[in-house]
Amino acid sequence: MSMHIQPILAALRRHKAGTVLIALQIALTLAIVCNAMFIIQQRLAHLSEPTGVDEANLLVIPNQWAGHMSPEQADAQVRTDLVALRQLPSVSDASPSDAYPLSGGGWDNFIMRKPEQLTPTTDASIYLGDEHMLDTLGVKLIAGRNFNAAEVVYMAPRQVVIPSVVIVTKALADHLYPDGSALGKPIYAMSTTPTVIVGIVERLQRQGVSQWNKAYAYESLLWPARQDATGVYYIVHAKPGQLADAMREVPRALYAQNRLRIIDPDDGGSYVQIRKRIYDSDRGMAILLAIISAVLLAITAAGIVGLTSFWVGQRRKQIGVRRALGATRGDILSYFLTENLLIGIGGVAVGVVLAIAINLWMVTQFEMARLSLIYVGIGVIALLALGQGAVLAPAIRASKVSPVEATRSV
Amino acid sequence: MLSYYLHLGLRSLRRNPVLTGLMVMAIGFGVAASMTTYSIFRAVSGNPIPDKSAQLFTPQVDGWGPQQNIKGEPPAALSYTDAMALQRAHKAKRLTLLYGMSMSVVPESSNSLPFAANGYAVTGDFFSMFEVPFLYGDGWDSGADDGRAATVVLSEEFNRKIFGGANSVGREVTLDGHGYRVVGVTRHWDPKPRFFALFNGSPFQQPTDFYLPFNRAVDMQVSPNGSSCRGHLNFSGWDDWMHSICVWVTPWVELDNATDVTSYQKFLEAYAADQQHAGRFAWAPNVRLRDVMQWLDFQQVVPPESRISLLLALGFFVICLVNTIGLLLAKFLRRASEIGVRRALGASRRQVYVQYLMEAGTVGLAGGVLGLLLTAAGVSGVGLLFTPEIARLAHLDLSLIALTLLVAVFATMAAAFYPAWRAAQVQPAWQLKSN
């Protein structure tokens, strides 16, 4: 092998432009494909994060009141609605709330450990619910207890009542009390009135999953309260396998209770719909990047095929001479494969530097994570293999050039 | 001569169909990816009100202080107290206070269901400041603001939904169970991004349904779509909440020239200093006065997906062009002997150069046509990548079509500079001899 490299390099020096173009194309392709693969992996990981709730059997009904209703009337209607919902044959439980995981946004409060503290310890998504909320969501209680009916308070519009007890997620408990002693401790949610941790759930995703939420991932709390600001979310747990029935029955039952309500079709729904809505751009980005990467690799391969074919055509006479002087078909084949490998190595060397540079720039521009070197490694191997694959057909054609060509004038 | 070269170029497209096909596809894909992502970027980063964007400013006053504000920046909206103070001061030519909200509408016919309508609570200057066009009637004056009138301006779309598009001025609309008299109907008006209400609304949301007088909406306790609070939330009702440091009101002022801007900035600082002396703020004045484009930039209205995809597509296009340079080189130099003959028959280097550039132009044109088809497909498929409200903004118009073709042709010709130069360097004598 080593004895072949010298003449190959000498030959490449006579095709500087073509060599540089192929190497440049490989370098740029590597830089873009590595970063694209990395972003795809990040987005896919983001959109497959679990919510902690029993997604397969959950249904969220966004309920807004129409016409004029006093807060007392609205609260009475909420309670009547819940009785009706819990009696439906396809429904196992239901709870009112102010939000649901992955709703996109909603009520969050700063959380402090001391009543006089001004700078917050952290921030938590707030979910209100009655004593049915835990069972409805299907979240796993890992310490403490559920709310009881007597603890559920009513919050009038624009009124903040701090419930005496709270259930927090493990993430929030660990952030506030890293030593694991959270149960039974008070916390302060933008108030001097304490609320005492009586339960800890394993996992409950926040309402939002955008960039700023990442610092507080999975930090949520549940308060035993009913509130009716401009409306309410009904969280409904369907009996196993009866989600489709529940999706039909629930709105019908609600309208039968009272027609003066608005159920927004672009909000809530099943968790398939909810996930699709919130992760739309993440999934789209992954698809776009996958398409761009695939087309890019195809175009780079096509470019290598094109230029190598041209070189083979140009050198038919020389190949003939080499064959006449005793070179085997294998020698010719390995000549073109080695030539491509040398160009490829030059290309990926530049490409690795470019890939890291692009990533570092994106880290500063788009708060993106650092590129893992595994992706660079995979990219390097993929591009070298792609080059070898692309050059194979023209190289085989070259190896079939007959020694007789040496005697022809063209 | 140029038309003859063009003719030669078109004919040579048919020679080496594989090489030509590769180039056309590379340019087509590259230009289509760039144009599709550009069509989105153009829509989300555009100036929503070009003729007035430099005269409209949104004042910010820090009522939260260095311990609770957002990394030193004042909140993105005003508390009701500060908003009212700015309005009472009358220091700008025009000023409007606004917030986004949602209200319910109960249709008259008993077999249709109630629905939600989106609107803004605004003060009277809103319509003239933002040049809202009217179909019927007009906005309201400061008298109606002060009188806390129960009036409403409908959008053309909402008027069509409720009144079938008839002139509804003087009629009544029921929102959240209360009646409002229609004083005007706007023409379709939907600036994107929705620069004026970024705080409690999305920049690319659906067209607005209605506008209510700010004071009336507050009296009716119509909640804003979003608010942000600091400190202790000890509210026992609407009035407590309204007079708290929670922010939810977006102010806009119209200032005609640099002098007015400077003096308004000074006024804001003096206002904040007064609040400090009065003991309301325990910190030095921290105010901002950003115009429309600065505000859109500060609020990062352009989604990161749009920037990243545009950059990636441009990178992709660059690779396609590098690819094209290589393929053009192969295509041109394959015809070295033909070039030799032409040169021997008297063609100058310049003529050979121009001929091959023209040939590249025809390749670019073919790539552009393919790119146009792919762009059309891409624009209709952007729903995959962006939320529906942003995807709706992308469309293939005449300027995008022209841009696609121009970019394809000129980029390919630029890519051909080097290959054509190499072609022009071909030595006629050497070529003739080797034949």
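User: Which residues is L30(A) in contact with, leaving aside its neighbours within four places in sequence?

Analyst: L30(A) is in contact with V348(A), G351(A), V352(A), A355(A), G379(A), V380(A) and L383(A). These count as contacts because the C-beta atoms of each pair, placed from the backbone, lie within 7 Å. This is a predicted model: local features need pLDDT of at least 70, side-chain atom pairs count only at pLDDT 80 or more, and totals for chains, interfaces and linings use all residues. Residues are numbered from 1 along each chain as its sequence is written, while chains are lettered from A and ligands numbered from 1 in the order in which they are written.

User: What makes a set of residues a nonpolar core?

Analyst: A nonpolar core is a set of buried Ala, Val, Leu, Ile, Met, Phe, Trp, Tyr and Cys residues joined through C-beta atoms within 7 Å. The largest one here has 241 residues. Those with the most contacts inside it are L30(A), C34(A), V236(A), L98(B) and F316(B). Helix α2 (residues 17–45) of chain B gives the largest share of this core, 17 residues.

User: Why is β10(B) called mostly covered?

Analyst: Seven of the eight residues of β10(B) (residues 247–254) are buried. Buried means 20 or more other C-beta atoms within 10 Å of a residue's own; 12 or fewer is exposed, in between is partly exposed, and C-beta atoms are placed from the backbone.

User: How do you know which strands pair with β10(B)?

Analyst: Two strands pair if DSSP finds at least two bridges between them. Strands are DSSP runs of E, at least two residues; helices are runs of H or I, at least four; both are numbered from the N terminus. β1(B) (residues 56–61) has two bridges to β10(B), antiparallel, with F57(B) opposite V253(B). β2(B) (residues 78–79) also has two, antiparallel, and S79(B) stands opposite V247(B). β3(B) (residues 94–105) has five, again antiparallel; R94(B) stands opposite E254(B). Each pair therefore meets the cut-off.

User: How do you know the span of α1(B) is close to the expected one?

Analyst: The expected span is 1.5 Å times one less than the number of residues. α1(B) (residues 2–14) has 13 residues, for which 18 Å is expected. From first C-alpha to last, α1(B) reaches 19 Å. Just after α1(B), N16(B) takes a positive phi of about 40°.

User: What makes up the side of chain B that touches chain A, by class?

Analyst: That side has 28 nonpolar, 16 polar and three charged residues. Nonpolar covers Ala, Val, Leu, Ile, Met, Phe, Trp, Tyr, Cys and Pro; charged covers Asp, Glu, Lys and Arg; the others, Gly among them, are polar. Across the interface, 47 residues of chain B are in contact with 49 of chain A. α11(B) gives the most to the chain B side, with 17 residues.

Conventions: Two residues are in contact if their C-beta atoms, placed from the backbone, lie within 7 Å.
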